[in-house]
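Trainee: I would like to learn how to read a structure like this one, step by step. Could you take me through it?

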Amino acid sequence: MIVPAQVSRAIAGTCSTMPVRGEIVVNIQLKPTEDQAQLLLETLERCNAACNEISRLGFNAKKTRQYDLHKLCYHTVREQFEIGAQATVMCIGKVAEAYKTPSNRTQSVFRKRASQPFDERIFRFLKSDNISIWLLSGREQLPFVCGDRQRKLLPFQRGQVDLILIGRKWYIGCVCHVPEPV
């Protein structure tokens, strides 16, 4: 997961790379239409509202492990916020991750526009510089831009990505597991 301080340092142009714990985070800029940008915003805000509800329910029930949170609130949150099954699972995982720090004795609260993790079930790269991403309206195809260096690293992308809003620009933060040079 990308923390905001790293993101702001990492995004100097349309794309950037940055080593993180032996991995490289590649940030690519999305180029949505105005309607798609509005859908991205609504999706991001709804997912963070769901995360706050999961956090509230888990904190009150003293359950912060992902398995326990899932049992506690999966169906309720999915119905209340009208988000897809995998998006609900990703929100639960995001909340559980926030409670992993031993010093966290207060309820975790998520900003309205905090980055949101997506996995391969709700996000994927397509040919010709497009992505397919789940949004509240269903699947959307969005174009992206990135530099040659980032493009060479994208085949090494594994696991989840983060949907990030900085200012009025949309980014996807991809963790790339590049093999060690021989």
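Trainee: How many residues does the hairpin that joins E5 to E6 run through?

Mentor: Before I answer, please note that this is a predicted model, in which local features need pLDDT of at least 70 and side-chain atom pairs count only at pLDDT 80 or more, while totals for chains, interfaces and linings use all residues. Residues are numbered from 1 along each chain as its sequence is written, and side-chain values use heavy atoms, with hydrogens and water left out. Helices (H or I, at least four residues) and strands (E, at least two) are DSSP runs, numbered from the N terminus. As for your hairpin, E5 is joined to E6 through two residues.

Trainee: In which sense do E5 and strand E6 pair, and over how many bridges?

Mentor: Two strands pair if DSSP finds at least two bridges between them. Here E5 and strand E6, which covers residues 138–145, pair in the antiparallel sense over six bridges. Among the partners, Ser132 is matched with Gln141 in E6, and Asn130 has Pro143 in E6 as its bridge partner.

Trainee: Which way does strand E4 run relative to E5, and how many bridges join them?

Mentor: Strand E4 (residues 123–126) and E5 run antiparallel and are joined by four bridges; one of the partnerships is that of Arg124 with Ser132 in E5. The hairpin of E4 and E5 has three residues between the strands, and Ser128 takes a positive phi near 60 degrees there. Strand E6 has a further partner, for strand E2 (residues 23–30) and E6 pair in the antiparallel sense over two bridges, with Gln29 standing opposite Val145 in E6.

Trainee: How many residues of strand E5 are buried?

Mentor: Buried means under 20% relative accessible area, exposed means over 50%, and partly exposed lies in between, as found with a 1.4 Å probe on protein chains only. In strand E5 (residues 130–135), six of the six residues are buried, so the strand is largely enclosed by the rest of the structure. Both faces of E5 are covered, since Asn130, Ser132 and Trp134 on one side are buried, as are Ile131, Ile133 and Leu135 on the other.

Trainee: Now to the helices. At what angle do H2 and H4 pack?

Mentor: Axes are lines fitted to C-alpha atoms, for helices over the stretch in contact, and angles run from 0 to 180 degrees between N-to-C directions. H2 and H4 pack at an angle of about 55 degrees, with their axes 9 Å apart. That makes H2 oblique to H4, where angles under 35 degrees count as roughly parallel, over 145 as roughly antiparallel, 65 to 115 as roughly perpendicular and the rest as oblique. The contact, which means heavy atoms within 4.5 Å, is made by residues including Cys47, Ala50 and Ile54 of H2 and Cys91 and Val95 of H4.

Trainee: At what angle does helix H3 pack with H4?

Mentor: Helix H3 (residues 66–81) and H4 pack at an angle of about 135 degrees, with their axes 10 Å apart, and H3 and H4 are therefore oblique to each other. Among the residues that meet are Leu69, Tyr74 and Val77 in H3 and Val89, Ile92 and Ala96 in H4.

Trainee: How many salt bridges does a search of the whole structure find?

Mentor: Side chains of opposite charge can pair when their charged atoms come close. A salt bridge is a side-chain nitrogen of Lys or Arg within 4 Å of a carboxyl oxygen of Asp or Glu, and a search of the whole structure finds six. In one of them, Arg113 pairs with Glu45, the closest N and O atoms being 2.8 Å apart. Arg113 lies in the loop between helix H4 (85–98) and strand E3 (116–118) and Glu45 in helix H2 (residues 34–61), so the pair ties together parts that are 68 residues apart in sequence. Arg113 is partly exposed at 40% relative accessible area, whereas Glu45, at 19%, counts as buried.

Trainee: Which helix holds both Glu53 and Arg56?

Mentor: Both lie in helix H2, where Glu53 and Arg56 are three residues apart, about one turn of the helix, and their side chains meet in a salt bridge (2.7 Å, N to O). Glu53 is buried, with a relative accessible area of 15%, while Arg56 is partly exposed at 34%.
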